[in-house]
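Work through the following exercises on charged side-chain pairs with the model at hand. Each task is followed by a solution that goes step by step.

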Amino acid sequence: MLAATLILTSSVSATGTSSEVSRVVYFSIQSNTACAVTGDHVYFSDLYLTINNLSDYENQLTVELFKKDGTPYTTPGLSGTGLASDFIPGTATSINPHSTIQYWMQFDQDKDNCSERPSYGKIIVHTNAGLIMGSGEMQGIKRITNTNGTSKQNSEMYQTATIIINGGNPF
């Protein structure tokens, strides 16, 4: 029995993984958030991604996002009110040493993009060395509107889901 276990272990180890495979990390995104207009409530979702380069040198990477049906999501992110989008999903980008790139997108009925919400993603690191780390969040927000349809200033976050990339560990 012990010999069979050793052979199986050797067989798995013999195939190994290429450096390309070890530099690709998949992650899930909670996209089952409300995105609708109901009475005097507007529900929308915000997606936030943060990618850090922990290395002493520049790294090249691509963040790919995919919708629920598996088709690529490649819409450039939004910027404003202190929020930034430094990369476009599906497009290779550079990340400087010890720096961060970010992505933000809002999904709501006004933009007619509720069906576009990404459900999973992957980070492909094109360089062979260095450490990358990432995280994110999907927030569901409810905004109350006036009877004439204009937005009131009060919004409340009713749902939040952390996006865990590689167990929170650098790769």
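**Exercise 1.** Determine what links Lys-122 with Glu-64, and where the two residues lie in the chain.

*Solution.* In this predicted model, the closest N and O atoms of Lys-122 and Glu-64 are 3.6 Å apart, and because a salt bridge requires a side-chain nitrogen of Lys or Arg within 4 Å of a carboxyl oxygen of Asp or Glu, the pair qualifies. Next, locate the partners: Lys-122 belongs to strand S8 (residues 118-125) and Glu-64 to strand S4 (residues 59-67), so that distant parts of the chain, 58 residues apart, are linked. Finally, consider accessibility: Lys-122, with a relative accessible area of 17%, is buried, whereas Glu-64 is partly exposed at 22%.

**Exercise 2.** Establish which parts of the chain the pair Glu-116 and Lys-67 ties together.

*Solution.* The two side chains meet in a salt bridge with an N to O distance of 3.1 Å. Glu-116 lies in the loop between strand S7 (100-107) and S8, while Lys-67 lies in strand S4, so the pair ties together parts that are 49 residues apart in sequence. Of the partners, Glu-116 is partly exposed at 27% relative accessibility, and Lys-67 is buried at 15%.

**Exercise 3.** Decide whether Lys-142 is buried or exposed, and describe its pairing with Glu-156.

*Solution.* At 18% relative accessibility, Lys-142 counts as buried. Its salt bridge with Glu-156 has the closest N and O atoms 3.7 Å apart, and it connects strand S9 (residues 132-145), which holds Lys-142, with strand S10 (residues 151-164), which holds Glu-156, the two residues being 14 residues apart. Glu-156 is partly exposed, with a relative accessible area of 40%.

Conventions
Residues are numbered from 1 along each chain as its sequence is written. This is a predicted model: local features need pLDDT of at least 70, side-chain atom pairs count only at pLDDT 80 or more; totals for chains, interfaces and linings use all residues. Side-chain values use heavy atoms; hydrogens and water are left out. Helices (H or I, at least four residues) and strands (E, at least two) are DSSP runs, numbered from the N terminus. Buried means under 20% relative accessible area, exposed over 50%, partly exposed in between (1.4 Å probe, protein chains only).
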